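Trainee: Could we go through this model together? I would like to begin with the overall fold and then turn to the charged pairs.

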Amino acid sequence: MAALAAMDGAELSGAEESALAVRFARMEAGAFEEVVAAYQGRVARLASRLLGWDAEVDDVVQDVFLAALTGAKGFGGKSSLWTWLTTITLNRCRRHLRRRALWRRFWSVARRTTLSEGASADGTAIGAETSARVREAVAGLPPRDREVVVLFYMEGHSAEEVGRLTGDTANAVQVRLSRARRKLDEVLAPLVKE
Amino acid sequence: MDLDRIAQLVSQADAGVTPVVREDLARRVRRRLWRRRAVRGTAAAAVLLLGVMLSVKMLGGRGEQRVVVQRTDVRDLRRECERLENEAELHERVATLLVSNERREVRERRRLEDVAAEDGVAMQVERSALILLRRGERLASYAGTRDEGVDVYRQIVRLFPRTQGGEAARKKLDEMNSNGATERKEQS
């Protein structure tokens with residue numbers, strides 16, 4: 001088995017990304033490998049967030065790059081390579097979540113986690129515990145609301161960009177964001193001191 | 001909790017959580033693509049082969065079936081033809097019989113009509129002869145018109161020789177001739 005490695009995937013400059021996008025669309029030798037090297041970390045991070053920090057990321061990341069490889073000719077360069085990969089990642093994560101929901105319904109496995117009440121007894125673990133609780137709270141959101149939260153707060157996209165990526169209007173994105181904030185407020189408020 | 005606090009918490013939620021990705025991702029993706037194409041190609045070939053086999057079987061079966069149907073049709077056709085011929089012959093006989101019956105009836109009717117017509121004419125002839133005979137008898141019964149009576153008798157014999165009136169008139173003439181000969185003999 002190949003060694004496991006955490007790859008952050010250093011971001012490319014605009015010119016480098018454009019050149020790589022052109023070479024990738026032409027299916028030039030080595031272009032796909034360069035795309036994987038440049039974006040696998042970001043794709044993995046995005047997929048991990050969208051799936052609620054689930055451990056089943058490697059399969060989804062493979063799916064994303066497989067779709068990119070088979071759809072390279074269809075990448076017309078209308079958007080940036082990262083935007084295109086983000087769209088593919090969103091779709092693949094949605095498909096993964098649907099299958100997982102069906103599978104768990106079939107096997108009657110309860111997946112939703114509930115937050116445990118009460119503060120941690122160990123003061124030094126509050127940061128990590130809070131992060132874990134926040135991740136749990138975000139993971140507990142409905143999938144479409146979670147997408148919006150991840151893309152808006154974690155990926156740094158604007159509401160309009162989130163709308164373009166998810167296929168929603170800007171208003172629908174705002175509605176989802178406020179709904180998610182209300183839910184997170186209910187869950188996180190008892191844990192966080194103002 | 002204000003929005004900024006939520007945003008801060010959420011944006012820091014995955015701090016320290018770094019997903020691991022294997023180094024050979026590109027190679028694995030290419031291998032997976034090759035496997036998918038191989039599977040799809042095999043599946044397509046299998047479907048094509050199955051389709052060809054089914055087509056051959058269906059066409060072959062249809063051909064055989066056609067032959068069987070033809071044999072069966074010929075026998076049935078022959079039987080059907082015989083049946084139709086017999087039926088036609090029967091119809092023809094019936095038709096001929098009907099026609100001949102009709103002709104016979106027509107002939108009979110005509111014959112009867114002719115006979116009736118002939119009888120009518122004969123009767124008329126007879127009647128005429130009898131009427132003349134009565135006239136002749138009336139005329140011959142008087143001495144002054146006896147000669148005219150004889151003329152009438154002779155006319156009847158001439159015109160209606162084969163009638164009862166004609167026969168009667170002949171007899172009258174014979175009697176009158178014999179009576180006339182007897183009177184002349186007695187006078188001499």
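**Fold and salt bridges**

Trainee: Before the details, how much of chain A counts as buried?
Mentor: Of its 194 residues, 44% are buried, meaning under 20% relative accessible area, with exposed over 50% and partly exposed in between (1.4 Å probe, protein chains only). This is a predicted model, in which local features need pLDDT of at least 70, side-chain atom pairs count only at pLDDT 80 or more, and totals for chains, interfaces and linings use all residues. Residues are numbered from 1 along each chain as its sequence is written, chains are lettered from A and ligands numbered from 1 in the order in which they are written, and side-chain values use heavy atoms, leaving out hydrogens and water.

Trainee: Which helices and strands does chain A have?
Mentor: Chain A has eight helices and one strand, taken from DSSP runs numbered from the N terminus (helices H or I, at least four residues; strands E, at least two). Along the sequence the order is β-α-α-α-α-α-α-α-α.

Trainee: What share of the contacts in chain A comes from residues 24 or more positions apart?
Mentor: They supply 67% of the contacts with a separation of 6 or more, a contact being heavy atoms within 4.5 Å.

Trainee: Now the charged pairs. How many salt bridges are there over all chains?
Mentor: The count is 23, where a salt bridge is a side-chain nitrogen of Lys or Arg within 4 Å of a carboxyl oxygen of Asp or Glu.

Trainee: Which residue pairs with B:R28?
Mentor: B:R28 forms a salt bridge with A:D58, with the closest N and O atoms 3.0 Å apart. This pair crosses between chains, from helix 2 (residues 25–141) of chain B to helix 3 (residues 58–70) of chain A.

Trainee: Are those two buried or exposed?
Mentor: Both B:R28 and A:D58 are buried.

Trainee: And what does B:E137 pair with?
Mentor: B:E137 forms a salt bridge with B:K172, at 3.9 Å between the closest N and O atoms. The pair links distant parts of the chain, 35 residues apart: B:E137 lies in helix 2 of chain B and B:K172 in helix 4 (residues 164–187). B:E137 is partly exposed at 31% relative accessibility, and B:K172 is partly exposed at 28%.

Trainee: Where do B:D151 and B:R154 sit relative to each other?
Mentor: They are three residues apart in helix 3 (residues 146–159) of chain B, so about one helical turn separates them. Their side chains meet in a salt bridge (4.0 Å, N to O).
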